[in-house]
Amino acid sequence: MTLEAERREWHNHASMRTKKTRPPDLTPRRLSFGVVALCAAAWLPAVSQAAGPLADTGPRLAYVDPGSGSFILQALVATLAGAAVAINAYWAKIKRLFGRGTPEEDDDARGNTPGDD
Amino acid sequence: MTDAALGASFRDPSGFVFEHDGVVYRQVNRTYAEDYDHLMNSGLYAELVENGLLLAHAEVTSPRSRMDEDDSHYKTLEPEQITFVSYPFEWCFSQLQDAALATLRIAQAALRYDMVLKDASAYNVQFLCGRPVFIDTLSFERHKEGAPWVAYRQFCQHFLAPLALAAHRDVRLLQLFRVYMDGVPLDLARSLLPIRAWLNPHLLLHIRIHANYQRRYEGDTDSASKIRPMRKQALQNLLTALASATKKLRWKAEGTEWADYYDGDSYDECASDHKRQVVGEFIDAIVPSEIWDLGANTGEYSRIAASRGIDTKAFDVDPACVDRNYVAVREAGETQLLPLLLDLTNPSPSIGWALAERDSIAERSSADAVMALALIHHIAISNNVPLRRIAEFFASLAEHLIIEFVPKSDAKVAILLSTREDIFPDYSENGFESAFGEVYVIESRIPVEGSERTLYRMRRRATSSA
């Protein structure tokens with residue numbers, strides 16, 4: 001049975017019910033391209049450091065400032081985050097182009113309270 | 001002595017907190033004047049207070065603190081008074097997560113008003129009326145073009161690392177806060193998190209690579225030149241990424257010993273109804289303004305007090321119970337109930353510099369009444385604490401006590417005794433009454449109908465006040 005036929009059959013079945021619910025999403029599980037890309041990109045610096053600090057759990061030196069690394073890393077994090085947003089936006093556009101766009105699933109709704117942006 | 005700086009208030013040069021005649025004030029120092037004025041005049045303060053994210057304050061002309069030796073005074077603030085502070089190691093997963101999200105929302109709002117949040121300490125958040133509120137008014141400074149977020153590391157240590165550990169390893173690791181006052185060191189989080197945690201790109205970046213960067217650049221005298229200037233949009237992206245990382249972490253409150261307790265069979269419905277009724281009558285007889293329910297489970301009996309408008313703290317040792325309770329509070333918008341995690345056999349100690357930065361749980365008590373329902377057998381039998389000592393500890397917390405005695409014949413006690421030798425000859429109703437009678441006056445005694453348990457209302461003897 002093709003996906004389309006399955007979907008039609010479900011619709012026929014659903015029409016017999018009084019309460020109308022959304023048909024099941026029979027397309028393969030939506031893969032967020034941005035997340036995959038971000039995942040891949042995020043691994044790059046990890047791989048580049050594999051030789052050194054990955055295995056390290058030694059004690060800290062007494063005169064060091066742990067802040068520098070945090071400051072230096074931020075530029076990378078911000079760039080990746082910006083890229084993920086851009087890629088997701090394009091991905092959504094492409095999907096809409098092929099009529100596969102679904103209303104954006106509000107993944108971030110949990111924990112938000114009124115006034116959240 | 002007219003005032004005293006509070007123990008935790010010495011790190012920030014922008015000002016400090018002091019107490020005068022029982023009221024807590026905050027001094028703003030001259031060095032912080034421009035940042036403070038920007039906070040107040042830009043509209044940021046108003047927006048945050050309106051959204052319930054920041055503690056409101058009033059500017060007052062007096063008093064002046066005696067701590068102000070070098071005349072650095074700019075303003076004195078009288079913040080909305082907080083009667084009780086809780087600490088991150090007393091929070092459940094959802095509380096820490098909500099505190100993290102509140103902190104990020106504040107940081108995002110600050111950026112819109114051209115300011116940055118310079119502290120992302122979990123200790124700056126308190127749960128007031130059931131919601132997380134940021135209490136440190138002096139944590140805002142004007143944004144300097146190109147500067148990275150100064151509190152990024154602190155946010156990861158105080159929020160992201162413990163939440164990730166709870167979600168991916170074990171919820172009990174939230175207790176690391178008790179040892180590490182400045183949050184979980186990222187290299188420790190890196191070594192404790194399982195490999196699958198690194199499939200999450202957020203955790204990979206903010207914890208693993210972050211820890212690696214710390215190691216790589218520590219002691220690098222040239223590291224300042226490697227810090228790239230960040231545009232405001234980049235800062236926004238960073239905050240958005242952290243919010244997304246925080247929201248994606250999940251911990252499900254189930255599978256622990258107590259979370260399903262009320263679904264079990266310890267009380268039949270009639271006994272439970274009678275118990276509720278008696279507890280309500282006892283509370284009405286005491287009329288406390290604050291009550292601590294010890295061993296509160298998911299807060300079924302705490303709500304008898306909270307629904308009467310009494311400020312109620314519901315303590316439990318089980319992270320799942322506290323989480324369920326907190327989520328219920330949040331979903332129903334309850335304002336009088338604060339669920340907190342506490343192991344009575346090893347309660348929160350005083351910690352920090354000179355043991356004065358964070359007070360022990362006993363030092364923080366302002367309760368009039370303690371409630372200990374279906375608890376005594378756990379302390380006396382499971383933990384071998386003599387009844388007299390239990391009475392003394394409860395008496396050190398509050399004047400009034402509502403307590404339930406669970407006899408050896410009770411099914412629950414039988415379970416506790418089934419695998420151990422009965423070395424508790426004094427554990428009987430008589431033994432209980434005589435031990436507690438030395439510390440308390442027993443004012444009322446009502447057997448719970450349909451059970452072998454007894455409820456007592458007691459009042460601390462004047463001589464034994466701790």
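Which residues does B:Asn29 touch, not counting residues up to four places away in sequence? In this predicted model, B:Asn29 touches B:Pro13, B:Ser14, B:Gly15, B:Phe16, B:Ser72 and B:Tyr74.

**B:Asn29 and B:Ser14**

B:Asn29 belongs to strand S3 of chain B, which covers residues 23-29. The residue is buried, because its relative accessibility is 8% and the limit for buried is under 20%. Its side chain has a polar atom 2.9 Å from the backbone oxygen of B:Pro13.

B:Ser14 is one of the residues that B:Asn29 touches. B:Ser14 sits in the loop that runs between strand S1 (3-5) and strand S2 (15-20) of chain B. With 5% relative accessibility, B:Ser14 is buried too. Its side chain makes two polar contacts described here. One joins the side chain of B:Ser14 to that of B:Asp12, at 2.8 Å. Another joins the side chain of B:Ser14 to that of B:Lys118, at 2.9 Å. Neighbours within four places in sequence aside, B:Ser14 is in contact with B:Gln27, B:Val28, B:Asn29, B:Thr31, B:Tyr32, B:Lys118 and B:Leu138.

**Chain B as a whole**

Chain B has 14 helices and 16 strands. It contains 466 residues, of which 57% count as buried. Consider the contacts in chain B between residues at least 6 apart in sequence: 71% of them join residues at least 24 apart.

**The seven-stranded sheet**

Seven strands of chain B form an open sheet in the order S12-S11-S10-S13-S14-S16-S15, and the pairing is mixed. Its edges are strand S12 (337-341) and strand S15 (440-447), each paired on one side only. From one strand to the next, the twist averages 20 degrees.

At one edge, S15(B) meets strand S16 of chain B, residues 454-460. The two strands run antiparallel and are joined by seven bridges. One bridge can be named: B:Ile442 has B:Met458 in S16(B) as its partner. Helix H10 of chain B, residues 319-332, packs on the sheet. This helix touches strand S11 (311-316) and S12, and its direction makes about 160 degrees with that of S12(B).

The loop between S15 and S16 of chain B holds B:Glu449. Is B:Glu449 buried or partly exposed? B:Glu449 is partly exposed, because its relative accessible area is 47% and the exposed class begins over 50%. Its C-alpha lies 9.1 Å from that of B:Asp273, although 176 residues separate the two in sequence. Leaving aside neighbours within four places in sequence, B:Glu449 is in contact with B:Ala271 and B:His274.

**Aromatic rings**

How many aromatic pairs does a search of the whole structure find? The search finds 21 over all chains. Two ring centres and two planes give the description: a pair is described by the distance of the centres and the angle of the planes. The table sets out two pairs from chain B that share B:Phe155.

| Ring pair | Centre to centre | Angle between planes | Type |
|---|---|---|---|
| B:Trp149 and B:Phe155 | 6.2 Å | 40 degrees | tilted |
| B:Phe155 and B:Phe159 | 5.2 Å | 40 degrees | tilted |

Why is the pair of B:Trp149 and B:Phe155 tilted? Its planes are at 40 degrees, and tilted covers angles that are neither under 30 degrees nor over 60.

The three residues are buried. B:Trp149 has a relative accessible area of 5% and is buried. B:Phe155 counts as buried at 0% relative accessibility. B:Phe159 also counts as buried, at 0%. B:Phe155 and B:Phe159 lie in helix H4 of chain B, residues 152-168. They are four residues apart there, about one turn of the helix.

Elsewhere in chain B, ring pairs link a cluster of B:Phe405, B:Tyr427, B:Phe432, B:Phe436, B:Tyr440 and B:Tyr456.

**Charges over rings**

Two tyrosine rings have a charged side chain over them. B:Lys275 lies over the face of B:Tyr301, 4.5 Å from the ring centre. B:Arg358 has its charged end over the ring of B:Tyr123, 3.9 Å from the centre of that ring.

Note on methods:
Residues are numbered from 1 along each chain as its sequence is written. Chains are lettered from A and ligands numbered from 1 in the order in which they are written. This is a predicted model: local features need pLDDT of at least 70, side-chain atom pairs count only at pLDDT 80 or more; totals for chains, interfaces and linings use all residues. Side-chain values use heavy atoms; hydrogens and water are left out. Rings of Phe, Tyr and Trp (its six-membered ring) pair if their centres lie within 6.5 Å; planes under 30 degrees apart count as stacked, over 60 as edge-to-face and the rest as tilted. Buried means under 20% relative accessible area, exposed over 50%, partly exposed in between (1.4 Å probe, protein chains only). A charge sits over a ring if NZ of Lys or CZ of Arg is within 6 Å of the ring centre and within 35 degrees of the ring normal. A polar contact is a pair of N or O atoms within 3.5 Å; within protein, one must be able to donate a hydrogen and the other to accept it, and residues adjacent in sequence count only if both atoms are side-chain atoms. Contact means heavy atoms within 4.5 Å. Two strands pair if DSSP finds at least two bridges between them. Axes are lines fitted to C-alpha atoms, for helices over the stretch in contact, and angles run from 0 to 180 degrees between N-to-C directions.
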